[in-house]
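Colleague: I am new to this structure and would love a guided close look at one part of it. Could you pick the part and walk me through what surrounds it?

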Amino acid sequence: MQKIAKLASKIEDPWAKYDMGKLKLEKIKRHQYNPDTDSWSTDESIVRVQTTPFDEGAMRQCYRLKKLSQLPKDATNHSFHAIDWNRAPNYVAKTYKTEDGSVNTSEEGREACFGDIKLQYEAAKWAHEFNSCNPPKKIHIIRAYAIEFVDRQKSPIMTVERFIEGTDEYGVGYVKHNTNSGFVDHDMNRLTPQIFSAYSFYSSEGTRMVVDIQGVGDLYTDPQVHSIDLQFGEADLGIRGFALFFRSFKHATLATALGVPKFQLSRNEILLQTTFSSESFEGTITKGKAAASPVAADDRKKSMAMVQDAAKFARMLQANMDKTAGAKPTIQEGSNESTSNESSRDTTPLSTPGGTKRSVQMPPQDENVEEVDKVAPLGMTRPKRGSVERRKTTFVRASISLDEEEDDDEFDESESPEFMQRLRSQSTEDYALNCLSFALDPPTDPYAYLNDVDTAALDTRHVSHKALTPSASTISIIGRVHFEIATLYGTGRFEDDTEEGTIDKESAFFHVCRGAGLGYGPACITLARHFMGLDTDDICAGLGSVLDGAGRGNVEAQIMLERAAGAGGDGNGDSANEAMSMLLKFFKETTGLDAKIGYCEQMLGGDGADEGAGFEVGDKVTAAYGGGDSWYEAEVREVSAEGKQIKVFYIEDEEEEWLSPKYVKGGDGGGGGGREEKKVVKNGLEKYELYEILADSYLEKGEEEKARGLYALGGEKAAEAGKMRKATELQMKAEG
């Protein structure tokens with residue numbers, strides 16, 4: 001320890017040139033979060049912080065800060081002045097800013113800072129889970145805390161984390177591996193950061209994903225978390241964030257070995273990824289030796305070993321060290337890459353993906369090395385053979401990926417040259433029909449293959465972990481992600497990936513079919529509308545053109561609608577209502593009696609059953625005291641088993657009473673929402689139409705008395721809707 005201390009004492013302070021010891025001393029209160037108890041603790045210290053931010057983005061700005069470890073109990077201000085502040089630890093302090101660029105001292109700004117701290121711990125939780133799988137490279141996420149400037153006006157809050165200095169073991173400094181908006185650093189070609197993001201999604205059963213992976217080596221800082229319920233601030237893009245990541249993520253055998261399922265991509269997306277990632281060491285051969293066509297797996301491994309000679313490795317390592325010499329890894333001033341993450345983090349769903357390609361100084365080209373031309377994606381652009389851009393990315397990717405013991409790993413064998421050739425040789429119509437076959441007749445368990453995979457045998461490091469087999473709820477979320485990718489295609493998010501700057505309709509169609517096959521209601525409805533010849537432009541303009549007349553019709557449409565109608569229990573209530581409405585409107589004659597009765601009763605509320613199901617204990621509501629006309633703020637304390645009674649607690653009077661759900665309403669953003677009138681959905685039916693169909697169905701079953709009561713209710717609803725002729729007709733049926 002003494003030797004280490006002596007070595008540490010010789011290290012110069014990278015911030016010495018800023019002379020921070022002359023800055024004003026300020027007293028702060030530190031707030032530290034305990035995720036186990038969901039509580040905060042505080043202590044005090046002294047800091048010196050620059051008054052002008054050295055980096056900023058759309059939401060936050062960053063300051064250099066030095067902080068003492070703690071405030072000694074017997075210290076005076078004079079003793080602090082005597083301390084060598086050049087030896088004090090370096091930190092980066094971040095704060096939210098207002099429109100005029102000043103520090104945001106509002107309650108919202110303060111809460112956002114505390115939310116960022118919780119976000120860091122959420123990310124650290126999934127890092128711990130990932131490390132428990134014993135990956136080749138374990139990761140660490142720097143913990144952050146909040147500081148409060150107690151002597152400043154309005155006591156502003158900043159988040160603080162340690163400044164990371166230097167480079168990793170391979171001479172590479174600070175790297176942003178991916179962003180919250182789908183950017184993936186293909187130059188560095190690191191596996192661990194990308195697999196960690198995918199792992200966090202599957203390990204959390206589709207509810208979380210850690211992105212914005214950046215740092216030095218595998219020491220990460222300032223991540224972002226996407227969540228299914230949008231818990232983590234404006235940069236949490238939820239399902240859209242999941243979709244943007246998976247559309248860029250390239251599965252590898254290491255991912256399979258760690259138990260991560262493969263997220264299916266379209267052939268154009270696979271071919272596009274191949275353009276980025278296959279031009280590495282396996283994309284070089286020695287002059288005079290013929291390239292295998294197609295290259296077998298063993299030949300690729302031999303080619304990999306052939307180029308791993310010591311001289312070439314040394315040259316590449318030196319180039320990496322030269323590239324990063326003098327870098328300031330935590331925050332690189334004057335660049336767009338920083339731990340502040342402000343210049344690249346996406347906070348709007350349709351903004352351009354963030355991230356900045358790293359510039360590289362090319363070493364002299366080896367005369368004995370030439371590139372093997374790769375298969376280009378259908379309709380996709382790629383760097384021209386022999387171009388500087390292409391040679392540059394080839395070198396950087398190769399030099400990094402094989403400098404790491406974890407990344408000398410081949411990507412999934414299903415993306416071999418043979419597989420790529422099969423993808424390219426298939427006609428658009430045949431490919432679309434294959435997509436449809438998954439949608440119409442999906443496997444009972446689309447992830448059953450995970451139980452048969454020998455993950456240790458797939459991976460050269462013999463890493464093995466139990467497969468993260470998706471649960472039913474996770475599969476539903478994956479279906480949503482596929483459909484969101486299709487929607488992003490429809491909005492033109494990925495137009496830059498095509499030669500003409502047009503929408504890749506084939507990929508959009510693929511993801512609609514995957515979403516439908518996994519049971520996601522809106523995807524099923526989109527395909528049903530396509531089969532019926534109805535408009536689908538709200539998803540992707542001209543989506544059906546990929547079929548070129550490959551006939552499908554009402555039978556397939558009904559299959560899709562029935563699947564969507566049964567998906568309401570998975571959080572797809574609105575799409576389930578839409579599907580039921582379409583079945584009753586367009587397929588009334590081919591839908592069974594019991595199914596029609598079920599659809600109608602579900603859309604009408606099921607004869608008053610489960611009326612209180614929309615409320616949960618703890619919801620903030622307003623309640624009509626005693627069932628009268630006066631409404632007061634209250635809290636739900638209990639909901640009866642059948643949902644017909646709700647116990648509320650009146651906050652003002654501290655009294656409790658049981659009420660019918662009709663006397664309870666959802667509060668202003670305070671939880672449950674109670675029972676609301678059903679939405680009018682696309683292709684929906686009016687209530688009087690539902691009552692008429694329901695009455696007709698019961699009459700057909702021989703329950704005449706029940707049918708008459710329903711006709712009468714339908715007549716009342718028709719009158720309320722101003723349909724007097726229909727109201728009269730239904731009333732006459734009610735009277736027999």
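Modeller: Happy to: we will begin at helix α5 and then follow the side chains outward to the cores, the rings and the charged pairs. Please keep in mind that this is a predicted model.

Helix α5 covers residues 238–248, and 11 of its 11 residues are buried, so the helix is largely enclosed by the rest of the structure. Reading along α5, the buried residues are Gly 238, Ile 239, Arg 240, Gly 241, Phe 242, Ala 243, Leu 244, Phe 245, Phe 246, Arg 247 and Ser 248. Keep an eye on the Phe residues in that list, since they come back below.

Let us look at two of them together. Phe 245 is buried, at 3% relative accessibility, and Phe 246 is buried as well, at 1%. The ring centres of Phe 245 and Phe 246 are 5.3 Å apart and the ring planes stand at 70 degrees; planes over 60 degrees apart count as edge-to-face, so this pair is edge-to-face. Ring pairs also join Phe 245 and Phe 246 into a cluster with Phe 201, Tyr 202, Phe 242, Phe 249 and Phe 263. Across the structure, the count comes to 22 aromatic pairs.

For a contrast in surroundings, try Tyr 625 and Tyr 632. Their rings form an edge-to-face pair too, 6.5 Å from centre to centre and with 90 degrees between the planes. Here Tyr 625 is partly exposed, at 41% relative accessibility, and Tyr 632 is partly exposed, at 37%.

Now back to the surroundings of α5. The largest nonpolar core has 57 residues, and those that touch the most other members are Ile 195, Phe 196, Phe 201, Tyr 202, Phe 246, Phe 263 and Val 481. Helix α5 is one of the elements that give two or more residues to this core; the others are α3 (107–131), α4 (192–203), β10 (208–211), α6 (253–257), α7 (267–277), α11 (417–425) and α14 (472–490). The most comes from α14, which gives 7 residues.

Phe 201 is a good place to see how these parts meet. Leaving aside neighbours within four places in sequence, Phe 201 is in contact with Phe 242 and Phe 246, and also with Gly 206, Thr 207, Arg 208, Met 209, Ile 477, Ile 478 and Val 481. A second, separate core has 54 residues, including Tyr 431, Cys 435, Ala 486 and Met 560.

Next come the charged side chains. The structure holds 30 salt bridges. In one of them, Lys 94 and Glu 161 meet with N and O 3.0 Å apart. Lys 94 lies in strand β5 (residues 90–96) and Glu 161 in strand β8 (residues 157–162), so the pair ties together parts that are 67 residues apart in sequence. Lys 94 is buried, with a relative accessible area of 2%, and Glu 161 is buried, with 4%. Both also belong to a network of salt bridges that links Arg 60, Lys 94, Asp 116, Glu 161 and Asp 222.

Another salt bridge joins Arg 637 and Glu 656, whose closest N and O atoms are 3.3 Å apart. This one links strand β17 (residues 631–639), which holds Arg 637, with strand β19 (residues 655–659), which holds Glu 656; the two residues are 19 apart. Arg 637 is partly exposed, at 34% relative accessibility, and so is Glu 656, at 44%.

A third case sits within one helix. Lys 717 and Glu 720 form a salt bridge with closest N and O atoms 3.9 Å apart. They are 3 residues apart in helix α21 (residues 704–720), which means about one helical turn separates them. Lys 717 is partly exposed, at 26%, whereas Glu 720 is exposed, at 62%.

Finally, which side chain of opposite charge is nearest to Lys 596? It is Glu 700, at 4.7 Å; a salt bridge needs the atoms within 4 Å, so Lys 596 is buried yet has no salt bridge. Lys 596 is found in helix α19 (residues 593–604). The side chain of Lys 596 does reach the backbone oxygen of Lys 588, at 3.3 Å. Not counting residues up to four places away in sequence, Lys 596 touches Leu 584, Lys 588, Thr 591, Ile 693 and Ser 697.

How values were computed: Residues are numbered from 1 along each chain as its sequence is written. This is a predicted model: local features need pLDDT of at least 70, side-chain atom pairs count only at pLDDT 80 or more; totals for chains, interfaces and linings use all residues. Side-chain values use heavy atoms; hydrogens and water are left out. Helices (H or I, at least four residues) and strands (E, at least two) are DSSP runs, numbered from the N terminus. Buried means under 20% relative accessible area, exposed over 50%, partly exposed in between (1.4 Å probe, protein chains only). Lys and Arg count as positive and Asp and Glu as negative; His and the chain ends are not counted. A polar contact is a pair of N or O atoms within 3.5 Å; within protein, one must be able to donate a hydrogen and the other to accept it, and residues adjacent in sequence count only if both atoms are side-chain atoms. Contact means heavy atoms within 4.5 Å. A nonpolar core is a set of buried Ala, Val, Leu, Ile, Met, Phe, Trp, Tyr and Cys residues joined through side-chain atoms within 4.5 Å. Rings of Phe, Tyr and Trp (its six-membered ring) pair if their centres lie within 6.5 Å; planes under 30 degrees apart count as stacked, over 60 as edge-to-face and the rest as tilted.
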